[in-house]
Amino acid sequence: MRIVIVEDEVRIREGIAKMIESQTEHVVQGEAVNGEEGLEMILRFKPDLVITDVRMPKMDGLEMVKTLYERKIPLHAVILSGYSEFEYAQKAIRYGVDEYLLKPLDIDDIKMMLRKVEKKIQREQMTNGTPELHLKNLITDEDKDLEKNCCILKDICGFPSEGVYELFAGYIGSAEPSYRDKMEHAVEELKEKYREFKIHYIYLENMQKSYLLGCGTEGEERFAALEKSFYNRLILSFRDKPEKAVWARKRFMRPEQIRDAAKELDRLLTYALVLEPDGWLKASQVEQYCPQPFLDPAPINIQIRNAICREDMPKLKKGAEDFLIYIGKGHFEIGEIRKAFIKNYYLISDTIQEIDHTRYQHLRSKNLLRNIENAVTWHELKNAYLDVIQAIAGAQMKREDISNYVIKRAINYIREHYQEGLTQEEVAAVLDITPEYLSTLFNREMGINFSMFLKQFRISHAKRMLKGTDKKVYEIANEVGYSDSKYFQRVFKEVVGVSPGEYRQMK
């Protein structure tokens, strides 16, 4: 299952995520700190399960679940609550909540809950009926006995041994959240309108893929009408929307060809990463796509790395835009495109790890690499990459959000004058407070004294310049406020553990 966790207590949120990912095979797609952020994440990722706290700022868990229920967003939800909130949490039953868990939680509680929800999803999938179940087995290769399944479809479900078959396959993960409801409503209309055909529909939750199979013996003309109706309802109506599903189709004659047809359509859908069809995604479009040899965008990667080292967010965003333009216009192999994005992610992640461990942990907690690896369309891949860039910029803003106004002013003054021979007495005088009071505030708000903060601030800038520029060590020492190069090198090694020259050589 794909899971989103919505919990304002970071310890509980991260603890649940770690337990799920280390103890089960389920995937935590994202973590949100309140209902507002959770709602946005759910509408975007379309998870199978949401685990949410009750009491949270901005929008609580019940408001979020109610909003999803009213918008008819299909998903399963589990409510977390303290003992005093349990009766309040039970009100969510009207919104289709599956389970309630009382805090504190342990791994057995979570495993049992996940098993219950997973079984419920499996039962829901199986209640589609025997034809859908065996059709699902054929398409997903879950049952290797092709002949047995085809015999059941023919002898029990009434599929013709030979006739006209058409399989429609669509990836809907890139569509707006309401698309699935509209699609299932359209399927019911098609079943009603074309009663002479057997029409069966399945949806694969984990892959966000839909398959519709029509079969009969009524001839090509009637099938063409079915195809046109499908196109008008599920493709043409959404053509102008930025978020839309991608569909392909294949016609054949016998049920034994269903599995091969599904594999061929799945292969076509992978080209949604490089093709943006107005209508059907066709085999002819894929055949005409001529990939060019991939050339690594080394200058752009250097631009991005240097921007991070210098904390130049506008240049980082410009580098990200240049990267997207380069890949988008390159006509490269699909595998090479995905590898380029993954490599760029690790370039960003490794650079952040070197210079700012707090921001690195923030980036890792977002699980953004998984979204890059799982993106099917260019729209999804682009957004997943931009989320990485935004996570870095957002982490910087949060890192600077210090509650004490005096400390904010002190840090701003340090930022502007750290290259000079700055002292605690000088900063205190500018702020019109005593040096002792400034020291007390630093210890209380920052957890370290003024001198240590100034030293770490200067060394942090020195590390960025060592990695992001070709300047000499003595030049860097002077630029970060150390007139004595040897003293700078001694302080640098004391803080970082290696000399400036050794740090520059580290990869």
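Good morning. I shall begin with a helix pair: helix 12 and helix 21, residues 450–468, pack at an angle of about 165 degrees, with 8 Å between their axes. That angle makes helix 12 roughly antiparallel to helix 21. The crossing of helix 12 and helix 21 is left-handed. On the side of helix 12 the contact is made by R305, N306, I308 and C309, and on the side of helix 21 by R464, K467 and G468. By class, the residues of this contact divide into two nonpolar, two polar and three charged. I should state at once that this is a predicted model.

Helix 12, residues 298–309, has another packing partner to discuss, namely helix 13, residues 313–328. The angle between helix 12 and helix 13 is about 160 degrees, and their axes are 8 Å apart. How are helix 12 and helix 13 oriented to each other, roughly parallel or roughly antiparallel? They are roughly antiparallel, since the cut-off for that term is an angle over 145 degrees. The crossing of helix 12 and helix 13 is again described as left-handed. Helix 12 contributes I300, N301, Q303, I304, A307 and I308 to the contact, while helix 13 contributes K315, L316, K318, G319, A320, D322, F323 and Y326. The residues of the contact of helix 12 with helix 13 comprise eight nonpolar, three polar and three charged. I308 of helix 12 is listed in the contact with helix 13, and I308 is also listed in the contact with helix 21.

Let me now place these helices in the chain as a whole. The chain has 24 helices and nine strands. Its C-alpha trace spans about 90 × 60 × 40 Å along the principal axes. Of the 507 residues in the chain, 50% are buried. Among contacts with a separation of 6 or more, 68% are between residues 24 or more positions apart.

I turn to the sheets, beginning with the one that has five strands. This open sheet has the strand order 2-1-3-4-5, and its pairing is parallel. Strand 2, residues 27–32, and strand 5, residues 99–102, are the edge strands, each pairing on one side only. From one strand to the next, the twist averages 20 degrees. Helix 1, residues 10–23, packs on this sheet and touches strand 1, strand 2, strand 3 and strand 4. The direction of helix 1 makes about 175 degrees with that of strand 2. Helix 2, residues 35–45, lies across strand 1, strand 2 and strand 3, and runs at about 145 degrees to strand 2. Within the sheet, strand 3, residues 49–53, and strand 4, residues 76–81, run parallel and are joined by five bridges. One position to locate on the screen is V50, whose bridge partner in strand 4 is A77.

A residue of the edge strand also deserves attention: V27 lies in strand 2. Is V27 buried or partly exposed? Its relative accessibility is 26%, so V27 counts as partly exposed. Beyond its neighbours within four places in sequence, V27 is in contact with M1, R2, I3, E21 and R370. R370 is 343 residues from V27 along the chain, and their C-alpha atoms are separated by 9.4 Å.

The other sheet to present has four strands. This open sheet has the order 7-8-6-9, with antiparallel pairing. Strand 7, residues 198–204, and strand 9, residues 246–252, stand at the edges with a single partner strand each, so one side of each has no neighbour in the sheet. Direction ignored, neighbouring strands of this sheet are turned by 15 degrees against each other on average. Helix 8, residues 179–193, packs on the sheet and touches strand 7, strand 8 and strand 9; its direction makes about 165 degrees with that of strand 7.

I shall close with strand 6. Strand 6, residues 164–171, pairs with strand 8, residues 209–216, in the antiparallel sense over eight bridges. Strand 6 also runs antiparallel to strand 9, to which seven bridges join it. F168 has the bridge partner L212 in strand 8, and in strand 9 the bridge partner of F168 is R249. Why may strand 6 be called largely enclosed by the rest of the structure? Eight of its eight residues are buried, so the description applies. Both faces are covered, with V164, E166, F168 and G170 buried on one side and Y165, L167, A169 and Y171 buried on the other. In a regular strand, side chains alternate between the two faces of the sheet. Thank you.

Methods: Residues are numbered from 1 along each chain as its sequence is written. This is a predicted model: local features need pLDDT of at least 70, side-chain atom pairs count only at pLDDT 80 or more; totals for chains, interfaces and linings use all residues. Side-chain values use heavy atoms; hydrogens and water are left out. Two strands pair if DSSP finds at least two bridges between them. Helices (H or I, at least four residues) and strands (E, at least two) are DSSP runs, numbered from the N terminus. Axes are lines fitted to C-alpha atoms, for helices over the stretch in contact, and angles run from 0 to 180 degrees between N-to-C directions. Contact means heavy atoms within 4.5 Å. Angles under 35 degrees count as roughly parallel, over 145 as roughly antiparallel, 65 to 115 as roughly perpendicular and the rest as oblique. A crossing is left-handed if the near helix is turned anticlockwise from the far one by less than a right angle, and right-handed if clockwise. Ala, Val, Leu, Ile, Met, Phe, Trp, Tyr, Cys and Pro count as nonpolar, Asp, Glu, Lys and Arg as charged, and the others, Gly among them, as polar. Buried means under 20% relative accessible area, exposed over 50%, partly exposed in between (1.4 Å probe, protein chains only).
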